[in-house]
Amino acid sequence: MTSIDERLLLEAAAKHGVPGPVVRELMVRSRSCLYLVPYDEVPESRRENARPAARTGGLPALPDGVNWPDGREPLVLSVDCAALPHGVLDIELPADGHLLLFTEIEYPPESSAVLHIPAGVRTTERSATYELNGEAVESRVYEPRTLYPVSGLTFDGEWEGGPQTSAFLDGEGDEDALDGFEEAVLDLAFGGRRPGVCVRIGGFSDPWDMAPDEGDLVLLAQLAGQAIDYDVFTMNLIVGTREDIAARRYAGLQYEQQC
């Protein structure tokens, strides 16, 4: 799991006037994630060992007998599972092969899909052109961009309701100082200033509206529209149960678009 040097954590807390019990409460209500970012957004301290692990857009490479999913939604993300850092996430992804995510990021999708292509399986890149009612139609293809994984932290959106934090805020605590400390911790976990627009795997969602990862549902992926296409301003979230994600029952996933 992502860890932060305790000295740095305490220094950040002292700088923002946040007491130790609140710090511990915050960390208990945190979950690790993986940011997928372009190379120039990888923190300098982590660039030496940076390894590409994902790609936005492009055309899908699929095994024989596997078609572009129904609805012909665009391929928005391909993830090389073997290239992801191990031991970071608390959801179970395949150890190898590729995860392909098909969904519409410009408008609420009519259908979406996640496919796992096992390692070593022969694949063929598919054409964006297909026939519909006797006419040639083009599926949307987004510009391919290589992404690199960087570990980080996320916090439960309700963490400020914890007893220690509530007592702090009801007393002499400053909510602006608490927000500043939270931001500082998230940047420390990332190793630098976190990207405002990105793709994330795992952790708590950072939604623009109601969080879809509630109850038994956890976040698989969060895709800012601008991370796929600079002109698309949406937040796209994919959630499911831990059991379905671990068993690769991706048909049971739920998709939500916020704008």
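Which residue of E5 is the bridge partner of Leu-75? The points below take up that question, then move on to the open and closed spaces of the model.

1. **Status of the model.** This is a predicted model. Every remark below should be read with that in mind.

2. **The opening question.** The partner is Phe-102: Leu-75 is bridged to this residue of E5. The pairing behind it joins E4 and E5, which run antiparallel over 5 bridges. E4 spans residues 75–80, and E5 spans 98–102.

3. **The other partner of E4.** E4 also pairs with E2, again in the antiparallel sense, here over 3 bridges. One link to look up is Thr-56, whose bridge partner in E4 is Leu-77. E2 covers residues 54–56.

4. **How covered E4 is.** Of the 6 residues in E4, 5 are buried, so the strand is mostly covered. As a reminder for viewing, side chains in a regular strand alternate between the two faces of the sheet.

5. **Entry to E4.** Just look at the loop between E3 (61–63) and E4, where Arg-72 sits. Arg-72 is not a glycine, yet its phi is positive, at about 50 degrees.

6. **The second largest pocket.** This pocket has a volume of about 270 Å³. It is lined by 21 residues, and those closest to its centre are Arg-55, Ala-61, Ser-78, His-98 and Leu-100. Strands E2, E4, E5 and E7 (123–125) each give two or more residues to the lining. E4 gives the most, with 4 residues. By class, the lining holds 13 nonpolar, 5 polar and 3 charged residues.

7. **The largest pocket.** The largest pocket holds about 880 Å³ of space. Its lining counts 38 residues, with Arg-200, Phe-204, Ser-205, Asp-206 and Pro-207 closest to the centre. Strand E10 (145–155), helix H4 (175–190), strand E12 (217–224) and helix H5 (225–228) each supply at least two lining residues. The largest share comes from H4, with 4 residues. The lining divides into 17 nonpolar, 8 polar and 13 charged residues.

8. **Cavities.** The structure holds 3 cavities of 30 Å³ or more. The largest has a volume of about 60 Å³. Residues lining this largest cavity include Thr-103, Glu-104, Leu-223, Ile-238 and Tyr-255. Strands E13 (235–241) and E14 (254–258) are the elements that give two or more residues to that lining. Its classes are 5 nonpolar, 3 polar and 2 charged.

9. **The second largest cavity.** Here the volume is about 50 Å³. The lining consists of Val-79, Leu-93, Leu-99, Leu-101, Ile-201, Leu-220 and Ala-221. By class that makes 7 nonpolar residues, with no polar and no charged ones. E5 and E12 each supply at least two of the lining residues. E5 and E12 also appear among the pocket linings: E5 in the second largest pocket, E12 in the largest pocket.

10. **His-116.** Is His-116 buried or exposed? Its relative accessible area is 17%, and the limit for buried is under 20%, so His-116 counts as buried. The residue lies in strand E6, residues 113–117. A polar atom of its side chain lies 2.8 Å from the backbone oxygen of Asp-96. The side chains of His-116 and Arg-248 are joined by a polar contact of 3.4 Å. Beyond its neighbours within four places in sequence, His-116 is in contact with Pro-94, Asp-96, Gly-97, His-98, Leu-99, Arg-248 and Tyr-250. Two of these names recur above: His-98 is among the residues closest to the centre of the second largest pocket, and Leu-99 lines the second largest cavity.

11. **Asn-133.** Asn-133 is another residue with a positive phi that is not a glycine; the value is about 55 degrees. Asn-133 lies in the loop between strand E8 (129–132) and strand E9 (135–138). Its relative accessibility is 75%, and exposed means over 50%, so Asn-133 counts as exposed.

Definitions and conventions:
Residues numbered from 1 in each chain as written. Predicted model: local features only at pLDDT ≥ 70, side-chain atom pairs only at ≥ 80, totals over all residues. Heavy atoms only, no water. 1 Å grid on protein atoms, 1.4 Å probe; cavity = no way out; pocket = protein on both sides within 12 Å on 5 of 7 lines; lining within 4 Å. Points joined across faces, edges and corners; volume = space filled by probe spheres on them. Nonpolar A, V, L, I, M, F, W, Y, C, P; charged D, E, K, R; others polar. Buried < 20%, exposed > 50% of the residue type's maximum accessible area, 1.4 Å probe, protein only. Polar contact = N/O pair within 3.5 Å; in protein donor to acceptor, adjacent residues only side chain to side chain. Contact = heavy atoms within 4.5 Å. Pairing = 2+ DSSP bridges.
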